[in-house]
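Colleague: Let's walk through this model together, starting with the odd backbone spots.

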Amino acid sequence: MLYYHPIYSALALPKKHRFPISKYHTLYQRLNTCKFAQHIEQPEQKITRDALLLCHDSNYVDAFLAGTLSDKAIKRMGFPWSEQLVERTLISLGGSLAAAEFALQHGVGANLSGGYHHAHREFGSGFCIFNDWAVVAATLVAQQRAEKVLIFDCDVHQGDGTATLVSDRDDIITCSIHCESNFPRVKPHSDLDFALPVGTEDKQYLETVQEAITLATRIHQPDIILYNAGADIYRGDELGHFNISLKGVYNRDSIIIEHALTHHIPLAIALGGGYQRDIDHLIDVHQQTFLALLDNPAIMI
Ligand SMILES: [Zn+2]
C-alpha cells in the first residue's frame, strides 16, 4: 500500500521558496494513472505527541505545535510556521507509520512523503521538522512490533538527525550512503556511514549500495528496513553533487527491494529529498522507486 494525503502538497509557501512542495501531488497523479491506482490510501492517523516524544524534546514539540518557536528556529527548519504546516507534518509522519505497519504485515509499504532525516531532538533543520523514520522505529520497538529496526538512508545528504537521535540505542541501526561534501556540514556518525565523493557515478554507487545493505542486514538482522529513497542522488538534482543516471536510481531501488524480499525483511519506503525546479523532471526521478516496485514480480503491494 502507498500512502498519500492532499495536504502533502497543500502547504502555502512564499513564491521563491526553494522547496518543490507540489512534487507530492504530481507524483500521486502520475502513480494514479498506473497499476498503483487501487493501492493508494490516505493515512488514517496523525502521528501522536506521545510518539514524537519518543525521539524529540517536549519543549521543541510543544513550541512547534503551538506556534511559539523562535524566528531563528523557524529559519533553520526551512518552512514558515503555520497551522497548515503542523497539520501536514503530523499527517505526513502518520503516513510513514502507516507504511511501516503495512510493511510489517504485507512485506512492502510506502509513504509518498517522509524521509525527514535532518530533524534533530530539539530543532528542525533542512526542511525536516520531526524525524519520521526515527519516530516510527522507536514506536515499533516500544510497541514490541519489532526488536531491531534498520534505517537505511540513500538520500544524497547525510542522515545527521537520525544518527544523533538514536545514537545511544542498539535496537535502532542507522546506515547512510551520502555525498561527503554536501549539507549537513557536520556529519555525526551513523552506525554505518558510506561517504562518496562529488561526481560519484552509477557503478561505484550501486556497488556501495549492494555492499551496505548486505552488510547492514547481515550484521544486525533487522525485523524491518525503513528506507529513505532520496531522489537527490540524480545527476540533474540542484542540491546533490552525484552523477547518477535515471537508470542508476532505478537500479538502486531495485537492489534494496530485491534484497528485502529475498531475505524476507519487511520494507517501508519514504520519498526523501529531490530538488529540481522542473517538477515533471523531478517526478521522473522519484517515479523510479515505484517502477522498481512494479517490476519486481514478487511484490505484493
Ligand atoms: Zn537530501
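**Loops, sheet and spaces**

Modeller: Glutamine 144 is exposed, with a relative accessible area of 74%. Here buried means under 20% relative accessible area, exposed over 50%, and partly exposed in between, with a 1.4 Å probe and protein chains only. Before we go on: this is a predicted model, where local features need pLDDT of at least 70 and side-chain atom pairs count only at pLDDT 80 or more, while totals for chains, interfaces and linings use all residues. Residues are numbered from 1 along each chain as its sequence is written, and side-chain values use heavy atoms, with hydrogens and water left out.

Colleague: OK. What's the phi of glutamine 144?

Modeller: Phi there is near 55 degrees, a positive value in a residue other than glycine. Most residues other than glycine have a negative phi.

Colleague: And where does glutamine 144 lie?

Modeller: In the loop between helix H6 (132–142) and E4. Helices (H or I, at least four residues) and strands (E, at least two) are DSSP runs, numbered from the N terminus.

Colleague: Which other residue has a positive phi although it is not a glycine?

Modeller: Glutamine 221, at about 45 degrees. Glutamine 221 is in the loop between helix H8 (202–220) and strand E7 (224–228), and it is exposed too, with a relative accessible area of 55%.

Colleague: Back to H6 for a second. How many of its residues are buried?

Modeller: 10 of the 11, so H6 is largely enclosed by the rest of the structure. Among the buried ones are Asp132, Trp133, Thr139 and Val141.

Colleague: Now the sheet. What's the strand order?

Modeller: The open sheet has eight strands, running E2-E1-E3-E8-E7-E4-E5-E6, with parallel pairing. Strand E2 (40–41) and E6 are at the edges with a single partner strand each, so one side of each has no neighbour in the sheet. Two strands count as paired if DSSP finds at least two bridges between them.

Colleague: How many residues of strand E5 are buried?

Modeller: Eight of its eight, over residues 172–179. E5 pairs in the parallel sense with strand E4 (residues 149–153) over five bridges, and also in the parallel sense with strand E6 (residues 192–196), again over five bridges.

Colleague: Which residues stand opposite each other there?

Modeller: On the E4 side, isoleucine 151 stands opposite threonine 174, and phenylalanine 152 faces cysteine 175. Towards E6, isoleucine 177 is opposite phenylalanine 194.

Colleague: And what do E4, helix H7 and E5 make?

Modeller: A right-handed β-α-β unit, with H7 covering residues 160–165. Right-handed means that, with the strands pointing away from the viewer, the path from the first strand over the helix to the second runs clockwise.

Colleague: Where's the cis peptide bond?

Modeller: Between phenylalanine 183 and proline 184, with omega about -5 degrees. Proline 184 lies in the loop between E5 and E6.

Colleague: Changing topic: which residues line the largest pocket?

Modeller: Including Tyr3, Glu41, Gln42, Pro43, Leu97 and Phe102. Helix H5 (residues 83–106) gives the most to that lining, with six residues. The volume is about 170 Å³.

Colleague: What counts as a pocket, and what as a cavity?

Modeller: On a 1 Å grid over the protein atoms alone, a cavity is a set of points where a 1.4 Å probe fits but cannot get out; a pocket is an open set with protein on both sides within 12 Å along at least five of seven lines, and lining residues have an atom within 4 Å of a point. Grid points are joined across faces, edges and corners, and a volume is the space filled by probe spheres set on the points.

Colleague: So how many cavities of 30 Å³ or more turn up?

Modeller: Four in the whole structure. The largest holds about 100 Å³ of space. Of the 17 residues that line it, Gly115, Tyr116, Gly272, Gly273 and Tyr275 are the closest to its centre.

Colleague: Last one: is histidine 5 buried or exposed?

Modeller: Buried, with a relative accessible area of 17%. Not counting residues up to four places away in sequence, histidine 5 touches Gln42, Pro43 and Ile91, where contact means heavy atoms within 4.5 Å.
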